[in-house]
Amino acid sequence: MDVLLEVDGPVAVVTLNRPAKLNAITPDMAAALRACLTRVDADPDLRVAVLTGAGERSFCVGSDIRELDEYATPWEFRNRGDYGDAVRALRKPIIAAVNGYAYGGGLELAMACDIRLAAETATFAAPEIKLGWIGGSGQSALLAHAVGPGNAATMLLTGDPIDAARAQAWGLVTDVHPRDELLKAARTLAHTIAKRPPIAAQTAKANLKAAYSMPLDQAIQYERDLQTVCFATADAAEGRAAFAERREPVFEGR
C-alpha cells in the first residue's frame, strides 16, 4: 500500500509509502491519502495525526511528474483532487515529521501541517520553476507566512533547496532532530497534544487558520466567540473542576 495508517493510541501515524520513488504522489496515492485522513477525522478515538515518509531519503517530492501528462486537459489538471487540500481540511492537529526531501508538493504537504519537525538530513525546496511552472497548493502564501516574503522569494525564484538548519532559522520548522530520533520526537509531541481536550485543540487549530486571513479586530472577536464555545463544553467544566480539586483532568471530547 502506498499510504499506511498506524494507530498508536490516540495518535494516527500516516506514512507515504513509495520510498523507491522518493514518495512521489500519484493520483491513486492522493486518493488514498484523502481517504486515510477522512478516516482519521471521523474516528473520535484519534486526536492527533503525524505525517511522514517511508525510507531514509525522502518525506515527499510532490507529484510524480511522469503522471502529470496523464491529465487530458489543463482544466482536468486544475480540478484534480489535491493532496495538500486534504491535509489542510483535517480538523485535528497534524504534525509533519520531515525525514528527507520535502520538495514541490512535498513542501506544500509539510506546510499544510500545523507543526513541522525535521531530521538533520532534511532539505526543503520549491523546484517547480526549474521545470517551467510554479506550485499550486498554497506554496507562495504558505511560504511567505512561514519564512517571510524575501526568503520565500529566494526559494520560489531559484528553486534551490535549503537545509534543515536554515529551515529552522527561517521558521519553516520548529525543531530539528537526528534522523533516527525524528519519528519518536513527533510521536511524543503528538501524544502530548492528544492529552489536551480535543474540542479545544481543534478549535485552537481552526482559530489559528482563521487568524491568517482576518483583520486584527475581527480575529480577536472570532477568537472570543470560539472561546465561549469551548467554555461551554463538558471538557472545560472538567478542567475547572480538576484545577479546583488539584488533580489531573480527564478529557472526553464533550
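Tutor: Buried means under 20% relative accessible area, exposed over 50%, and partly exposed in between (1.4 Å probe, protein chains only). The model is predicted, so local features need pLDDT of at least 70 and side-chain atom pairs 80 or more, while totals for chains, interfaces and linings use all residues. Residues count from 1 along each chain as its sequence is written, and side-chain values use heavy atoms, without hydrogens and water.

Student: Is R247 buried, partly exposed or exposed?

Tutor: R247 pairs with E245 in a salt bridge (Lys or Arg side-chain nitrogen within 4 Å of an Asp or Glu carboxyl oxygen). Their closest N and O atoms are 2.6 Å apart. At a relative accessible area of 32%, R247 is partly exposed.

Student: How many residues apart in sequence are D114 and K205?

Tutor: D114 and K205 form a salt bridge, closest N to O 3.0 Å. K205 is buried at 8%, whereas D114 is partly exposed at 32%. D114 sits in the loop between helix 5 and strand 7, K205 in helix 10 (DSSP runs from the N terminus: helices H or I, at least four residues; strands E, at least two). The pair therefore ties together parts separated by 91 residues.

Student: Which residue does K130 meet in a salt bridge?

Tutor: K130 lies in the loop between strand 8 and helix 6. Its partner, 30 residues away, lies in the loop between helix 7 and strand 9. That partner is partly exposed, at 37%. At 2.9 Å, N to O, the partner is D160.

Student: How many salt bridges does the structure hold?

Tutor: Some share partners: E6, D8 and R187 join into one network. The structure's salt bridges number ten.
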